[in-house]
Amino acid sequence: MDVTDHAEELASDLGVDKEEVTADLRNLLEYSVPLDEAKQSVRRKHGGGGGGSGPTPSSVDVDGITTDHGNVTVTVRVLSVGTRTIRYQGDDITIREGELADGSGRISYTAWQDFGFEPGDSLTIGNAGVREWDGRPELNLNESTTVAVADGTVAVDHEIGGDRKLIDLAAGDRGRNVEVRVLEVDSKTISGRDGETEITEGVLGDETAKLPFTDWQPRAEVQAGADLRIEDVYLREFRGVPSINLTEFSTVTPLPDPVEVADDAPRLSVADAVDSGGMFDVEVVGNVLEIRDGSGLIERCPECGRVVQGGQCRSHGAVDAEDDLRVKAILDDGTDTVTVVLDDELTAEVYGGGLEDALAAATEAMDKEVVADAIAETLVGRAYRVRGNLSVDDYGANLDAAAFEVATDDPADAARAALAEVAE
Ligand SMILES: [Zn+2]
């Protein structure tokens, strides 16, 4: 049976014109709608019932889009447009990514060709594919998608354009613009997909926060102390924190006035810090609840630095393990908990002695645990102010401490103050 036969059968069932049914059916099949669904859709259109949700690209509100939709038509405002090259099936393809919104909500999109729209444009986008990305629906604009200027301006509650402060950036953001001071820059050679490539890495700051960055197309303007407006960057997670990426499409413009950079790390409640999904240089205040296993005097693999037990590394087997000091402390501020990790230097400070002292104490007691016990006695039940990089993964939240000091303010007050500040 070909399309014409199906159409003939449908037309006689429904008692409508065969040409019209054929056209409808062909139209749906062109959109790659499966034949059975297409037939159901045509039945419904002509009042023949058929049940189920229709695959016909219908006009929907953004907040009504689910991953059950095949294709949709939306009338939206463009919030952001980011440009990026990805390698897809062996070819480099330039894609546009960002967010669209209407009065009901917003949604991410990927456009596989340049439709020429810009932030602020009001558009009717026909036959956009819906796919699931990161558990949420996203629009896929491809060669069968139509983009037309909307009849009027689409009113939205969301910010139009990509300008953001550093504290408001999150992994997954596309097409963002920042005004920053370059705080650190390092050149690095990496083995990329096209052989050895020179990139630069470092830290950017503004009055709200600091974030690491990578410039994949190193440019001379990006040097320590420079004040810059950088347009069209994207954010991805790197070592658990959001990282700013400059691509060949990013533009860098020196600013006439210096950018103010915060000396202090932003103070957050533990709950807000954890909710952010990872932060570079953040400060929290809380009480140490307990010291976790693997604290105090520990052994590391000399090859990979992993903590080993009984001289056995998971990657390197039996190794001549090296002694080291570390603390993993659970910190609680009443909103949530985080595991604070202290390196050898910070551990020596709270222990009141270095590696040699710890080894001597362990030898005398014939028990390594005396070191962790002594640290627990000092820390548990006391309030500390911790500053460092927070990473969050499936196993929990870790705050890699750069500074760890006794807090003079009550952690509960501090958490409330941090919450109030965020709410402002
Ligand atoms: Zn190892």
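In this predicted model, helices H5 and H7 are roughly perpendicular to each other, because their axes cross at roughly 70° and angles of 65 to 115 degrees fall in that class. H5 covers residues 344-351 and H7 covers residues 369-379, and the two axes come within 9 Å. On the H5 side the contact is made by Thr-347, Val-350 and Tyr-351; on the H7 side it involves Val-371, Ala-374, Ile-375, Thr-378 and Leu-379.

Leu-379 also appears in the largest nonpolar core, which has 32 residues. Together with Val-340, Val-386 and Phe-404, Leu-379 belongs to the residues with the most contacts inside this core. Strand S15, residues 278-291, gives the most to the core, with five residues. Which residues does Val-340 touch, beyond those up to four places away in sequence? The contacts of Val-340 are Val-327, Lys-328, Ala-329, Leu-331, Val-386, Leu-399, Ala-401 and Phe-404. Val-386 and Phe-404 are thus found both in this contact list and among the residues with the most contacts inside the core. Another core, of 21 residues, lies apart from the largest one; Val-182, Ile-230, Leu-235 and Val-252 are among its members.

The model also contains a zinc ion, coordinated through the SG atoms of Cys-301, Cys-304 and Cys-313 and through ND1 of His-316, at 2.1 to 2.3 Å. The donor residues follow the spacing C-x2-C-x8-C-x2-H in sequence. Why is the arrangement of the four donor atoms tetrahedral? The angles they subtend are 105 to 114°, and four donors count as tetrahedral if all angles lie between 85 and 135 degrees. For four tetrahedral donors the ideal angle is 109.5 degrees. Two of the donor residues can be set against each other by accessibility: Cys-313 is buried, with a relative accessible area of 6%, whereas His-316 is partly exposed at 36%. The assignment of Cys-313 follows because buried means under 20% relative accessible area.

Two residues that are not glycines have a positive phi: Asn-127 and Asp-232. The table gives their backbone angle, location and accessibility.

| Residue | Phi | Strand | Relative accessible area |
|---|---|---|---|
| Asn-127 | about 55° | S6 (residues 122-133) | 4% |
| Asp-232 | about 60° | S12 (residues 227-238) | 14% |

Asn-127 is buried, and Asp-232 is buried as well.

Arg-96 is found in strand S4, residues 91-102. Is Arg-96 buried or exposed? At 18% relative accessibility Arg-96 counts as buried, because the limit for that class is under 20%. Leaving aside neighbours within four places in sequence, Arg-96 is in contact with Val-81, Gly-82 and Thr-83, and also with Tyr-109, Thr-110, Ala-111, Gln-113 and Asp-114. Phe-117 is 21 residues from Arg-96 in sequence, and the C-alpha to C-alpha distance between them is 9.9 Å.

Glu-159 is placed in the loop between strand S8 (146-149) and strand S9 (176-192). Not counting residues up to four places away in sequence, Glu-159 touches Leu-79 and Arg-164. Glu-159 and Gln-40 are 119 residues apart in sequence, and their C-alpha atoms are 40 Å apart in space.

Notes. Residues are numbered from 1 along each chain as its sequence is written. This is a predicted model: local features need pLDDT of at least 70, side-chain atom pairs count only at pLDDT 80 or more; totals for chains, interfaces and linings use all residues. Side-chain values use heavy atoms; hydrogens and water are left out. Donors are N, O and S atoms within 2.8 Å of the metal (3.2 Å for Na, K and Ca); water is not among the atoms, so sites may look incomplete. Four donors count as tetrahedral if all angles lie between 85 and 135 degrees; four count as square planar and six as octahedral if opposite donors are over 155 degrees apart and all others between 65 and 115; anything else is irregular. Buried means under 20% relative accessible area, exposed over 50%, partly exposed in between (1.4 Å probe, protein chains only). A nonpolar core is a set of buried Ala, Val, Leu, Ile, Met, Phe, Trp, Tyr and Cys residues joined through side-chain atoms within 4.5 Å. Helices (H or I, at least four residues) and strands (E, at least two) are DSSP runs, numbered from the N terminus. Contact means heavy atoms within 4.5 Å. Axes are lines fitted to C-alpha atoms, for helices over the stretch in contact, and angles run from 0 to 180 degrees between N-to-C directions. Angles under 35 degrees count as roughly parallel, over 145 as roughly antiparallel, 65 to 115 as roughly perpendicular and the rest as oblique.
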